[in-house]
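The following paragraphs lead the reader through selected strands, helices and cores of a protein model. Please keep the sequence and the structure in view while reading.

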Amino acid sequence: METATKKSIQQKNYTVNINNAASKKVNILMVDDHPENLLALEAVLSSPNYNLVCATSGKEALKCLLKQEFAVILLDVQMPGLNGFETAKLIRARAKTKQTPIIFITAISQDREHVERGYSVGAIDYIFKPFQPEILKSKIEKFVEMHEKYEEEISKSEWQRSVELKEVNQRLNRTTLDLRRTEALTKVIGETLIDTIVTFDDQERILSVNPAVKRMFGYQPEELIEQNVSKLFLQMIGKNGEKSSDFLSLIKQGVGKVVESVALRKDKSDFPVDIQIGETEIEGRHIFVCAIRDVTERKQIEEVKKQQFANLEHIVEKRTIELLLANEKLQQEIEERKKIADDLFVSQERFRKIFESSPNLMAIISQENGTYMDVNASWVTFTGYSYEELRNQKINLQDFIEEAGGHSIDLEQPIRNMKIQYKTKRGEMRAGLLSSEMIHIEPEPCILFVLTDITERVLLEKEMARLDHLNLIGEMAAGIAHEIRNPMTTVYGFLQVARGREVSKEVIDLMLDELNRANSIITEFLNLAKNKVSDKQMKNLNTIIKALFPLIQAEAMRASKQVDLDLSECPDISIDEKEIRQFILNIALNGLDAMSSGGKLTIKTYAEEEAVILEIKDQGAGISPDILEKIGTPFFTTKEKGTGLGLAICYSVAERHQAEIDIETGDKGTTFSIRFKANYR
């Protein structure tokens, strides 16, 4: 009794320890560098049984693992510093955390190589975002259950070792006591057992029976003493299933085994029993101890179980057929969904490739708050803004102006090829054709913003119009110059002859001055002629500039201004020296006129990509947009005594030399940049 009590106490203590372990919260580590993702995981896994620990980096996660143990680790792949793979590798390198389950959760690294790498560094699962909360929660519950069982097994093992040590000590103390109690316990057991205990000799004579025989068989114990033991059995069933009335032979075969038999009551009714035979020898006499157990209830239960099993088999078979049909239908649905998903993926890839490689400026704008969701490379190139500067920033509609009305655009309605002006990061206004379309992306309503840059085309159209104008004027100049110069030559000769006669000298000089001026205008007008023949030779641009420098410097000093030369080594190019001299003088003198006293004019040359660049920069107040559009137009001038032919001649010279003129102007001055082709002949 004492032993049973102690075992009961030990079992109770073990149960208390297990319950304490079960009531303790299970630690779960969540690692993600985005707080919103950690918040989402906390919402999914929130439970009174879990202690959710958050870490925003791999380094912080490793510190948490040094402080406490975790049932499972949820680890993001893409993180600054230590990424998810490196963190998992360090966790697996530590003996204490080597077996801790790791689940990777990612929205970006979904390629097969990333998944394989995740499993190679020790992950037991790899989940893509967005994930199903119930699936993730179910997986975590299973890992927590495994962790609790593992903790329980450790506690049980420690408890068993403690119990074994106690039992060894107790066994030593019980040995003497057990010897004293054996006889008393045997008597008590015999009286209290529900099984009938019969002892008999090798002559099959009953030597003793316990009180249970009365309840089981209906006999008083004393009625069976010295009776043949076979009186209690209708028949015996051998180990091979054979039935026999030779009780003693079967008894000897069944020593130490459980044998089925049919027992016979005093009222001649029979019932199934299990008998277990033990044999001993006392003073040379073989004694058998037979334990008889009534198994009527068990047999009845077995029959019921057989019937239930047959019914269950029928239900399982029916259910299996239903599941097979449902599985076949589900497989068809899976294949259809996979095809839809594949088609959607192909469509998305096509859109992505078109979006990224399009030469047009393309952007996706959120219809809800007007922020940039994505832009393509052309948008970044043309506007000058980086992707990071635009991402999640609200679009400034003031940067996109309708050319027709001068108002900012309205994205509420779809737009088709609207001609607009848009502003770049540098403040430059460029021309474009704008189209927009309402679309839905996952499933937010958005605006697809497509802008075709036509700045170069607009400039080309203006340049072609200006060249057509110049061509017309040149043709006019070639025609009328011949008709005007001959009469003027006659008049000029007459006036020279008449100079010494009665006509006053002042009048003659005045006429000569006017004729010289008219002749100068006609000469400059002739320079506009497109069919004018140039005498081009290989010359060095720096040599021409150095020859002109004293003249330009003298003009600058007269007005208290400065001229600087910044000449780099340049190759010889094919040019008409006289025309280029006039070209440089016209632009340089215009630059000096544009500056106030103290201003500095810089003439710079350099070679670049098979071209020679001439830059003439002043420090004037700049050129207004209205005037800038008309520069180079014959007879257009802002000077009081100007002819309006200087820059027109420069553009005509540039055209004959196939040179390009670019003008940059602002509050700090104007720069004329002329690009001559180095290999032009």
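Two strands are said to pair if DSSP finds at least two bridges between them. Helices (H or I, at least four residues) and strands (E, at least two) are DSSP runs, numbered from the N terminus. The model is predicted: local features need pLDDT of at least 70, side-chain atom pairs count only at pLDDT 80 or more, and totals for chains, interfaces and linings use all residues. Residues are numbered from 1 along each chain as its sequence is written, and side-chain values use heavy atoms, with hydrogens and water left out.

A convenient starting point is strand β3, which spans residues 72–76. This strand is mostly covered, with five of its five residues buried; buried means under 20% relative accessible area, exposed over 50%, and partly exposed in between (1.4 Å probe, protein chains only). In a regular strand the side chains alternate between the two faces of the sheet. In β3, Val72, Leu74 and Asp76 point one way, while Ile73 and Leu75 point the other way, and all are buried.

Strand β3 has parallel partners. Four bridges connect it in the parallel sense to β1 (residues 26–31), where Met30 is the bridge partner of Leu74. Four bridges also join β3 to β4 (residues 102–106), again running parallel, and Ile73 stands opposite Ile102 of β4. Between β3 and β4 the chain passes through helix α4 (residues 84–93), and this β-α-β crossover is right-handed: with the strands pointing away from the viewer, the path from the first strand over the helix to the second runs clockwise.

Further along the chain, five strands form an open sheet of mixed pairing, in the order β20-β22-β23-β25-β24. Its edge strands are β20 and β24 (660–666), each of which pairs on one side only. On average, neighbouring strands of this sheet are turned by 15 degrees against each other, direction ignored. Such axes are lines fitted to C-alpha atoms, for helices over the stretch in contact, and angles run from 0 to 180 degrees between N-to-C directions.

The sheet can now be followed strand by strand. Strands β20 (residues 562–567) and β22 (residues 600–607) run parallel and are joined by six bridges; Asp564 stands opposite Thr602. Strand β22 is in turn joined by six bridges to the antiparallel β23 (residues 611–617), with Ile616 as the bridge partner of Ile603. The hairpin of β22 and β23 has three residues between the strands, and Glu609 there takes a positive phi near 45 degrees. Seven bridges then link β23 to β25 (residues 669–677) in the antiparallel sense, and Ala611 stands opposite Lys677. Helix α15 (residues 541–558) packs on the sheet, touching β20, β22, β23 and β25, and its direction makes about 170 degrees with that of β20; contact means heavy atoms within 4.5 Å.

What joins the residues of a nonpolar core? It is a set of buried Ala, Val, Leu, Ile, Met, Phe, Trp, Tyr and Cys residues joined through side-chain atoms within 4.5 Å. The largest such core has 36 residues, of which Leu541, Ile552, Phe583, Ile584 and Leu614 touch the most other members. At least two core residues each come from α15, β21 (573–575), α16 (577–594), β22, β23, α18 (646–656) and β25. Not counting residues up to four places away in sequence, Phe583 touches Leu614, Cys650, Val653, Ala654, Ile661 and Ile674. A second, separate core of 22 residues includes Phe217, Val259, Ile275 and Cys290.

Helix α18 is itself mostly covered, as nine of its 11 residues are buried. Among them are Cys650, Val653, Ala654 and Arg656. The helix is followed by Gln658, whose phi is positive, near 50 degrees.
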